[in-house]
Amino acid sequence: MVGSGESRGTKLKRLASLVPKHEFEFLMKLGKMTREETLALIEKYDGDRTEIYADLARRAAR
């Protein structure tokens with residue numbers, strides 16, 4: 001992470017804190033994902049809920 005003063009673990013904790021616990025658990029259930037997979041999805045879209053739910057919809061459409 002050149003130029004970023006934030007470690008990956010710190011970033012994941014920050015991103016997870018952006019999503020309320022009940023919504024985080026809903027994402028896990030909806031996507032049938034583990035905690036780590038859900039955090040990776042949140043990280044992928046930098047916490048953008050619109051993109052997260054669009055990704056889950058694309059997965060479900062497969």
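User: Which residues are exposed on the other side of H2, away from its buried ones?

Analyst: Lys21, His22 and Lys29 are exposed there. Keep in mind that this is a predicted model.

User: And which residues of H2 are buried?

Analyst: Glu23, Phe24 and Leu27. H2 covers residues 21-31.

User: Why do those three count as being on the same side of H2?

Analyst: Look down the axis. They cover an arc of only 105° around it, so they sit on the same side of H2.

User: What do the buried residues of H2 pack against?

Analyst: Two helices. One is H3, residues 35-44, and the other is H4, residues 49-61.

User: Let's zoom out. How many helices and strands are there?

Analyst: The protein has 4 helices and 0 strands. Along the sequence the pattern reads α-α-α-α.

User: What box do the C-alpha atoms fill?

Analyst: Roughly 35 × 20 × 20 Å, taken along the principal axes.

User: How much of the protein is buried?

Analyst: There are 62 residues, and 31% of them count as buried.

User: And what about the area the protein exposes?

Analyst: That is about 4,500 Å². Carbon and sulfur atoms supply 55% of it.

User: Back to helices. Which residues of H1 are buried?

Analyst: Lys11, Leu12, Leu15 and Ala16 are buried in H1.

User: Why do they line one face of H1?

Analyst: Seen down the axis of H1, the buried residues fall within an arc of 135°, so one face of the helix holds them. On the other side, Lys13 and Ser17 are exposed.

User: What covers the buried face of H1?

Analyst: The cover for the buried residues of H1 includes H3.

User: Where is Arg8, and how exposed is it?

Analyst: Arg8 is in helix H1. Its relative accessible area is 48%, so Arg8 counts as partly exposed.

User: How far apart are Arg8 and Leu39?

Analyst: Their C-alpha atoms are separated by 11 Å. Along the chain, Arg8 and Leu39 are 31 residues apart.

User: Now the core. Which residues touch the most other members of the largest nonpolar core?

Analyst: Leu27, Leu41, Ile42, Ile52 and Leu56. The core has 13 residues in total.

User: Which helices supply this core?

Analyst: H1, H2, H3 and H4 each give at least two residues to it.

User: Pick Leu41. What does Leu41 touch?

Analyst: Leaving out residues up to four places away in sequence, Leu41 touches Met33, Ile52, Asp55, Leu56 and Arg59.

User: Is Thr38 buried or exposed?

Analyst: Buried. The relative accessible area of Thr38 is 0%, and the cut-off for buried is under 20%, so Thr38 falls below it. Thr38 is in helix H3.

User: What is Thr38 in contact with?

Analyst: Skip the neighbours within four places in sequence. Thr38 is then in contact with Phe24, Leu27, Met28 and Met33. Phe24 and Leu27 are also among the buried residues of H2.

User: And how far is Thr38 from Glu25?

Analyst: They are 9.0 Å apart in space, C-alpha to C-alpha. In sequence, Thr38 and Glu25 are 13 residues apart.

User: New topic: loops. Where does Lys32 lie?

Analyst: Lys32 is in the loop between H2 and H3, just after H2.

User: What is the phi of Lys32?

Analyst: Near 50°, which is a positive value in a residue other than glycine.

User: Why point that out?

Analyst: Because most residues other than glycine have a negative phi.

User: Is Lys32 buried or exposed?

Analyst: Exposed. Lys32 has 75% relative accessibility.

User: What about Asp46?

Analyst: Asp46 also has a positive phi near 50°, and is not a glycine. Its place is in the loop between H3 and H4. With a relative accessible area of 47%, Asp46 is partly exposed.

User: How many charges are there, and how far apart are their mean positions?

Analyst: There are 13 positive and 10 negative charges. Their mean positions are 3 Å apart.

User: Last one. How many contacts join residues at least 24 apart?

Analyst: Take contacts between residues at least 6 apart in sequence. Of those, 43% join residues at least 24 apart.

Terms used. Residues are numbered from 1 along each chain as its sequence is written. This is a predicted model: local features need pLDDT of at least 70, side-chain atom pairs count only at pLDDT 80 or more; totals for chains, interfaces and linings use all residues. Side-chain values use heavy atoms; hydrogens and water are left out. Buried means under 20% relative accessible area, exposed over 50%, partly exposed in between (1.4 Å probe, protein chains only). The arc is that of the directions from the helix axis to the C-beta atoms. Contact means heavy atoms within 4.5 Å. A nonpolar core is a set of buried Ala, Val, Leu, Ile, Met, Phe, Trp, Tyr and Cys residues joined through side-chain atoms within 4.5 Å. Accessible areas come from the Shrake-Rupley method with a 1.4 Å probe; for residues, only the protein chains shown count as cover. Lys and Arg count as positive and Asp and Glu as negative; His and the chain ends are not counted. The place of a charge is taken as NZ of Lys, CZ of Arg, CG of Asp or CD of Glu.
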